[in-house]
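Work through the exercises below with the sequence and the model open. Each task is followed by a solution in steps.

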Amino acid sequence: MSTDKFTKRFCPRCGSTNIRWLLPQDWSKWECPDCGYMGPFVIEDGKIAEQIHKEYLKNQDKIHGEGNAHDSSNNR
Ligand SMILES: [Zn+2]
């Protein structure tokens, strides 16, 4: 009934499902094209991945919005 056999894998850094094997013959190494992650760890829990993805987006915001985005203190 369910598709338990097919386990989704997520990037441990950004929560992306785009993670894939770095080398087809060496599936202990993974690569994520979205954030550049490379390593042996993947996440198989969708809930955890979701949280990671949210955190990742938050951090992205911080990086991009660095500086003067919301500086209203000097506004008249
Ligand atoms: Zn990633």
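**Exercise 1. Find the element that holds Leu57, and decide whether Leu57 is buried or exposed.**

Step 1. Leu57 belongs to helix α1, which spans residues 46-64. Helices (H or I, at least four residues) and strands (E, at least two) are DSSP runs, numbered from the N terminus. Residues are numbered from 1 along each chain as its sequence is written. The model is predicted: local features need pLDDT of at least 70, side-chain atom pairs count only at pLDDT 80 or more, and totals for chains, interfaces and linings use all residues.

Step 2. Apply the burial cut-offs: a residue is buried if 20 or more other C-beta atoms lie within 10 Å of its own, exposed if 12 or fewer, and partly exposed in between, with C-beta atoms placed from the backbone. Leu57 is exposed because 12 other C-beta atoms lie within 10 Å.

Step 3. Check the distance to Cys14: the two C-alpha atoms are 7.9 Å apart, although Leu57 and Cys14 are 43 residues apart along the chain.

**Exercise 2. Work out the order of the strands in the sheet and identify those at its edges.**

Step 1. Read along the sequence, the pattern is β-β-β-α, from one helix and three strands.

Step 2. Two strands pair if DSSP finds at least two bridges between them. β1 and β2 (residues 26-31) are antiparallel, with three bridges. Trp21 faces Trp30 in β2, and Leu23 faces Asp26 in β2. Two residues make up the hairpin connection from β1 to β2.

Step 3. β2 and β3 are also joined in the antiparallel sense, over two bridges, with Glu31 opposite Met38 in β3. Their hairpin has six residues between the strands, and Gly36 in the turn has a positive phi of about 85°.

Step 4. The result is an open antiparallel sheet in the order β1-β2-β3. β1 (20-23) and β3 (38-39) are at the edges because each has a single partner strand, which leaves one side of each without a neighbour in the sheet.

Step 5. Of the six residues of β2, zero are buried, so β2 lies largely in the open.

**Exercise 3. List the residues of the largest nonpolar core, then the contacts of Cys11.**

Step 1. A nonpolar core is a set of buried Ala, Val, Leu, Ile, Met, Phe, Trp, Tyr and Cys residues joined through C-beta atoms within 7 Å. The largest one has six residues: Phe10, Cys11, Cys14, Ile19, Cys32 and Ala49.

Step 2. Two residues are in contact if their C-beta atoms, placed from the backbone, lie within 7 Å. Leaving aside neighbours within four places in sequence, Cys11 contacts Ser16, Ile19, Cys32, Asp34, Cys35 and Tyr37.

Step 3. For the protein chain, 12% of the 76 residues are buried.

**Exercise 4. State how confident the prediction is.**

Step 1. pLDDT is the predictor's confidence in each residue, from 0 to 100. The chain averages 83, and 74% of the residues score at least 70.
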